[in-house]
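Visitor: I have a model open and would like to learn how to read it. Where do we start?

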Amino acid sequence: MSARRFRFSGRSGAVFLAASLSVVSAGNALAEPDPANGRTTGSPHRGGTLHLTADASGGTLDPQINYTSEYIQLFVNMYDGLVTYRQADGAKGLEVVPDLAEALPEVSADGLVWVFTLREGLRFSNGARVTVEDVVASLKRLYRVGSPTASSFYGAIIGAKACLTDPAHCALEGVSADAVTRRITIRLSAPDGEFLQKLAFPHAVILPAGVPPTESALTPLPGTGPYRITHYDPSHQLVIERNPYFHVWNPQAQSEGYVDRLVYDFGLSDEAEVTAVEQGQYDSMLDAKPQDRLGELGARYTDQVHLQPLLGLYYLALNVHEAPFDSLEVRQAINHAVDRHAMAILYGGSAIAEPLCQIVPYGIAGADIPCRFGQIDPSGAWQGPDMDRARALIRKSGQAGRRVTLIVPNQAIGLGMGVYLRNMLQSLGFVASVRPMTPETAEGYARNSDNHVQISLSYWYADYPSPSTFLDALLGCDNARLHTESATNASGFCYPPLQSLMERARKSLDPELTRSLWEQAGIMAMDQSALVPLIQMRYVDFVSKRLGNYHYSLLNHMLLSQIWVQ
């Protein structure tokens, strides 16, 4: 889901005690989900207010535009698409289930025609009935409102290209509906083996047909989920309360939820957030836990800490249009020279980070490949940097002596990594410096070609469980747009052989062929080294003593509708 997932902070050089972590991991036995009917009425755990905190708000309230984990974690409890991801822990949470549709779609043998049937009796949070016209209008609105995934996720729908070119007159001929049968038909211009996963992504939620085609940044739009936003001050607070028109239709997709109210406060530092959760003032905090507090959490608050996997990575984007990284030899030298073990230490240690030498994180099937850079053991695992090969490539390139400026997020982890990476660049013969920026500024600044950024440090998380959410999002030609901060491909990389492989993989309806194509794409992407993977992280979730029934989804993280408070 963009460096959209989490804002990271911490203090480099702090040590997370391995013994503490082992206790933390063992102490996270999960309660079983509530009854299969998804109803909480009558439960002794129903009621109360959940208090959350973050250092800043997550931006726009428009669910078809917002691309932050901070708010997507909320939106999945307020909005629904035709399908969604199962509200479940672990791998089960990567399964697509029917949501506003009665069942998973009927799909033609060629993969071009998708037919859904809308459930009866659904209402929005303003009381209006949900109709097939709302479904059609919502899919058109993706293009009219300028959703960041309109092209990359939904560009295969017939008529999408015209909608992207002229949003105001979007007809989207590939989407039609029959009010009598409640059937919605979506026609694609080419097969897309990931289309169901893309429809389950929260940007494809269904809104009333009459909502404005322009961004609704501060005014909440009506949804169909168990909760709705009742107050928003982006500088201070967001308040969510129950949707009085909600009823359970598929408990795998939506349940009633336990808490009656959720209050999200903004403005505390990460250090203050930890202290506030320790004292019970808040039930959970969004931001990463400062590394100088991790040992304390592991030793004193074991039952309140949950160590969770993340489908995400830290990486370096090397701009292939800017010297010296327009040289393949230089890009490959960086891949050989970077010490991924040092990166893991700077993030917090081996218990919460591991070296990664492929662009797709572990846990997403289809792109696991042997390491190709650095020192590698016989099994293909990365063992350490190879400075001799890196320096030989720099000599071959003739680029030594170039000035290089590295853009990094100005939080402690980014700054610590930035200092190490600057020293590495200098050891290769470059005149290197670090330019810190706020995370939000750094991300957009590095992606905009007008800024001529040479190299940048960033992070990325899965939008859905496919290699394309990394390989295509970060290296695809469509995402290397000029003059815009929304170009997720900060390297400006467009390599036709790689693009062809990725397009074949996306169109494939054969799982074995798809896996093979993504593996080939992963190898090719690493060889080109426009992106240098560094580490895969784990997430440390710290909650209050009164919070119970903790559940965690690999895509949307803590499942807010499942938890209760005393």
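Guide: With a hairpin. This is a predicted model. Strand β6 (residues 175-178) and strand β7 (residues 183-187) pair in the antiparallel sense, over 4 bridges.

Visitor: What holds such strands together?

Guide: In general, strands of a sheet pair through backbone hydrogen bonds, either parallel or antiparallel. Here, take A177: its bridge partner in β7 is I184.

Visitor: How many residues lie between the strands in the hairpin of β6 and β7?

Guide: There are 4 residues between them. Check the backbone at R182 too: its phi is positive, near 60 degrees.

Visitor: Which strand does β5 pair with in the antiparallel sense?

Guide: Strand β5 (residues 113-117) pairs with β7, over 5 bridges. At T117, look across to β7 and you find R183 opposite.

Visitor: What is the order of the strands in this open sheet?

Guide: The 4 strands run β4-β5-β7-β6, with antiparallel pairing. The edges are β4 (106-107) and β6, each of which pairs on one side only.

Visitor: Now a sheet region with parallel pairing. Which strand runs parallel to β18?

Guide: Strand β16 (residues 403-409) does, joined to β18 by 2 bridges. Its I407 stands opposite S456 in β18. Strand β12 (residues 305-318) pairs with β18 in the antiparallel sense, over 7 bridges. There, Y315 faces S458 in β18.

Visitor: Is β18 mostly covered or mostly uncovered?

Guide: Mostly covered. Strand β18 spans residues 455-461, and 7 of its 7 residues are buried. Then sort the side chains by direction. I455, L457, Y459 and Y461 point one way. S456, S458 and W460 point the other way, and these too are buried.

Visitor: On to helices. How far does α11 reach from its first C-alpha to its last?

Guide: It reaches 23 Å, close to the 22 Å expected at 1.5 Å a residue. Helix α11 covers residues 412-427, which is 16 residues. Its buried residues include I413, G414, G416 and M417. G418, L421, M424 and L425 are buried as well. After α11 comes G429, with a positive phi near 105 degrees.

Visitor: Why does I394 count as buried?

Guide: The cut-off for buried is under 20% relative accessible area. I394 counts as buried because its relative accessibility is 3%. I394 lies in helix α10 (residues 387-397). Now look along the chain: A333 is 61 residues away from I394, yet their C-alpha atoms are separated by 6.5 Å.

Visitor: Next, the cavities. What is the volume of the second largest cavity?

Guide: About 150 Å³. Of the 19 residues that line the second largest cavity, the closest to its centre are Y67, S152, F153, A473 and N479.

Visitor: Which helix gives the largest share of the lining of the second largest cavity?

Guide: Helix α13 (residues 468-475), with 4 residues. By type, the lining divides into 6 nonpolar, 7 polar and 6 charged residues.

Visitor: Last, the annotation. Where does UniProt place the feature "domain: Solute-binding protein family"?

Guide: At residues 95-479, in an unreviewed entry. In this model, the end C-alpha atoms of residues 95-479 lie 26 Å apart. The span is 27% helix and 22% strand.

Conventions
Residues are numbered from 1 along each chain as its sequence is written. This is a predicted model: local features need pLDDT of at least 70, side-chain atom pairs count only at pLDDT 80 or more; totals for chains, interfaces and linings use all residues. Side-chain values use heavy atoms; hydrogens and water are left out. On a 1 Å grid over the protein atoms alone, a cavity is a set of points where a 1.4 Å probe fits but cannot get out, and a pocket is an open set with protein on both sides within 12 Å along at least five of seven lines; lining residues have an atom within 4 Å of a point. Grid points are joined across faces, edges and corners, and a volume is the space filled by probe spheres set on the points. Ala, Val, Leu, Ile, Met, Phe, Trp, Tyr, Cys and Pro count as nonpolar, Asp, Glu, Lys and Arg as charged, and the others, Gly among them, as polar. Two strands pair if DSSP finds at least two bridges between them. UniProt positions are given in the numbering used here, feature names are shortened, and annotations may be inferred rather than shown by experiment. The expected span of a helix is 1.5 Å times one less than its number of residues. Buried means under 20% relative accessible area, exposed over 50%, partly exposed in between (1.4 Å probe, protein chains only).
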